[in-house]
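Biologist: I have not looked at this one before. Can you take me through it?
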Amino acid sequence: MGTSATLTLGNHTLELPVIEGTVGPKVVDVRSLYATTGAFTYDPGFTSTASTASQITYIDGDAGVLLHRGYPIDQLAEQSTFMEVCYLLLNGDLPTADELAKFNYLITRHTMVHEQLMSFYSGFRRDAHPMAIMCGVVGALSAFYHDSTDIADPHQRVVASHRLIAKMPTIAAMAYKYAIGQPFLYPDNSLSYVGNFLRMTFGVPAEPYEVNPVIERALDRIFILHADHEQNASTSTVRLAGSSGANPFACIAAGIACLWGPAHGGANEEALKMLREIGRPERIPEYIARAKNKNDPFRLMGFGHRVYKNYDPRAKVMQQTAAEVLDELKLDNPIFDVARELERIALSDEYFIEKKLYPNVDFYSGIILSAIGFPTTMFTALFALARTVGWVAQWNEMIADPEQKIGRPRQLYTGPTQRDYVPLDQR
Ligand code: SDX
């Protein structure tokens with residue numbers, strides 16, 4: 001018999017079941033609370049709320065641990081590939097060589113988009129933010145792939161999952177090409193997932209494109225670091241949209257919209273802008289002071305996290321990767337020096353220590369992406385590209401969950417009580 005939590009509210013005393021997972025915080029099951037007591041729990045921002053049970057990703061924020069289906073992120077980043085991590089997130093185990101080859105084949109054959117989808121791009125201004133284009137174009141996939149929108153059909157769910165993972169690089173590369181006025185390149189299925197993306201982004205029809213293996217490996221690792229992250233804001237958005245029965249393309253478009261926010265996936269773009277604005281190590285103290293000033297809305301972008309109260313393990317790998325890429329490209333990047341100095345100063349400052357603010361996944365990623373040649377406006381689009389597999393894995397898990405029902409939170413009402421209408425001539 002599991003344990004329970006006793007709650008006394010007015011003249012009600014109830015025993016709420018306490019449920020333990022395989023690891024991490026246990027949960028108090030409050031599903032009977034409203035029916036029994038007429039009261040709701042209150043948790044804006046869901047700081048103490050588990051919205052679901054899940055077997056995909058586990059984060060220990062205090063220890064700075066991130067596991068995907070039990071495998072530590074640093075081992076996956078070091079030894080695995082993004083395609084292998086996609087298989088792991090979707091299917092629960094690392095693939096055999098044969099399973100991986102088959103998965104690669106399936107994904108590769110979905111990399112093209114419907115030819116008519118290209119005309120969607122010409123409807124945007126050339127200076128449209130790539131995330132605006134991603135929201136629009138991914139949502140529009142619902143209008144093209146009707147044979148994979150029936151969420152009740154497991155086969156259609158698999159096809160939609162593969163289509164989304166396979167087409168995001170093509171859609172993101174097209175957003176970049178459109179912005180710079182260059183022609184779209186079709187996918188080249190002889191290349192790796194990342195190599196194909198690099199060629200569609202930086203290649204031109206006028207000459208062959210040579211994939212740099214060091215850059216290819218670095219970007220593959222960056223995609224692994226962004227693949228999934230438990231019930232973050234955009235994943236929760238995808239789950240909530242999916243709980244109504246919306247089709248998978250609409251759900252992922254909702255996730256893209258949420259990720260765009262500067263407090264979430266938009267932070268990588270803001271972090272590099274901030275580092276460029278600081279410009280030199282001697283200006284760091286001024287920005288540290290601003291971050292601590294309650295009257296200043298400025299925050300150190302790329303720092304802090306709702307869950308990590310220790311170093312984000314992804315940021316560690318990201319910093320190592322930044323050094324590798326800058327070394328490979330023989331780039332002397334003063335912004336990287338500013339970032340490392342900012343981290344050093346912040347981590348020895350009482351304010352950041354007391355509030356447990358550490359660099360997160362977004363702090364160093366922009367330095368690498370900029371060195372590879374991406375404009376800052378593409379950073380969050382790359383985050384969305386990589387996170388699509390996590391959103392899709394969590395969406396599939398949500399649909400298969402027998403406990404799942406439409407998400408419909410309640411509220412604490414603080415508005416006016418009932419009052420009668422006052423005719424206009426009497427106001
Ligand atoms: C991602 O959830 C995920 O898993 C997200 C993500 C993923 O993979 O999906 O990890 C990706 O979104 C990473 C986070 C990227 N965002 C940023 O880097 C933006 C800057 N960071 C913050 O805005 C903030 O840290 C959040 C949004 C990330 C977390 O905010 P919380 O958990 O709601 O914490 P909070 O805003 O309540 O801050 C707690 C305290 C506050 O001070 P007090 O009001 O208690 O005095 O810490 C301060 C904040 O003012 N604080 C910061 C700060 N972050 C928090 N102060 C200065 N600089 C910062 N960056």
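Modeller: We can cover the ligand site, then a pocket, then the sheets.

Modeller: This is a predicted model, in which local features need pLDDT of at least 70, side-chain atom pairs count only at pLDDT 80 or more, and totals for chains, interfaces and linings use all residues. Residues are numbered from 1 along each chain as its sequence is written, and side-chain values use heavy atoms, with hydrogens and water left out.

Biologist: How many residues surround the ligand?

Modeller: The shell has 24 residues, and the closest are His229, His305, Arg306, Arg314 and Arg387. A residue is near if one of its heavy atoms lies within 4 Å of the ligand.

Biologist: Of what classes?

Modeller: There are 10 nonpolar, 7 polar and 7 charged residues around the ligand. Ala, Val, Leu, Ile, Met, Phe, Trp, Tyr, Cys and Pro count as nonpolar, Asp, Glu, Lys and Arg as charged, and the others, Gly among them, as polar.

Biologist: Which ligand atom is 2.9 Å from the side chain of histidine 264?

Modeller: An oxygen atom of the ligand, facing an N or O atom of histidine 264 at that distance. A polar side-chain atom of asparagine 360 also lies 2.9 Å from a ligand oxygen. At phenylalanine 303 a polar backbone atom is 2.9 Å from a nitrogen atom of the ligand.

Biologist: How much of the ligand does the protein bury?

Modeller: The protein buries 77% of the 1,000 Å² that the ligand exposes when taken alone. These areas come from the Shrake-Rupley method with a 1.4 Å probe.

Biologist: New topic. What lines the second largest pocket?

Modeller: It has 15 lining residues, and Leu90, Asn91, Phe103, Val158 and His162 are the closest to its centre. Helix H4 (97-108) is among the elements that give two or more residues, and the largest share, 4 residues, comes from H4. By class the lining has 7 nonpolar, 4 polar and 4 charged residues.

Biologist: And the sheets? Which strands stand at the edges of S4-S5-S6?

Modeller: That open sheet has 3 strands with antiparallel pairing. Strand S4 (57-60) and strand S6 (71-72) are its edges, each with a single partner strand, so one side of each has no neighbour in the sheet. Strands here are DSSP runs of E, at least two residues, numbered from the N terminus, and helices are runs of H or I, at least four. Two strands pair if DSSP finds at least two bridges between them.

Biologist: What stands opposite leucine 67?

Modeller: Proline 72, in S6. S6 is joined to strand S5 (residues 65-68) by 2 bridges.

Conventions. A polar contact is a pair of N or O atoms within 3.5 Å; within protein, one must be able to donate a hydrogen and the other to accept it, and residues adjacent in sequence count only if both atoms are side-chain atoms. On a 1 Å grid over the protein atoms alone, a cavity is a set of points where a 1.4 Å probe fits but cannot get out, and a pocket is an open set with protein on both sides within 12 Å along at least five of seven lines; lining residues have an atom within 4 Å of a point.
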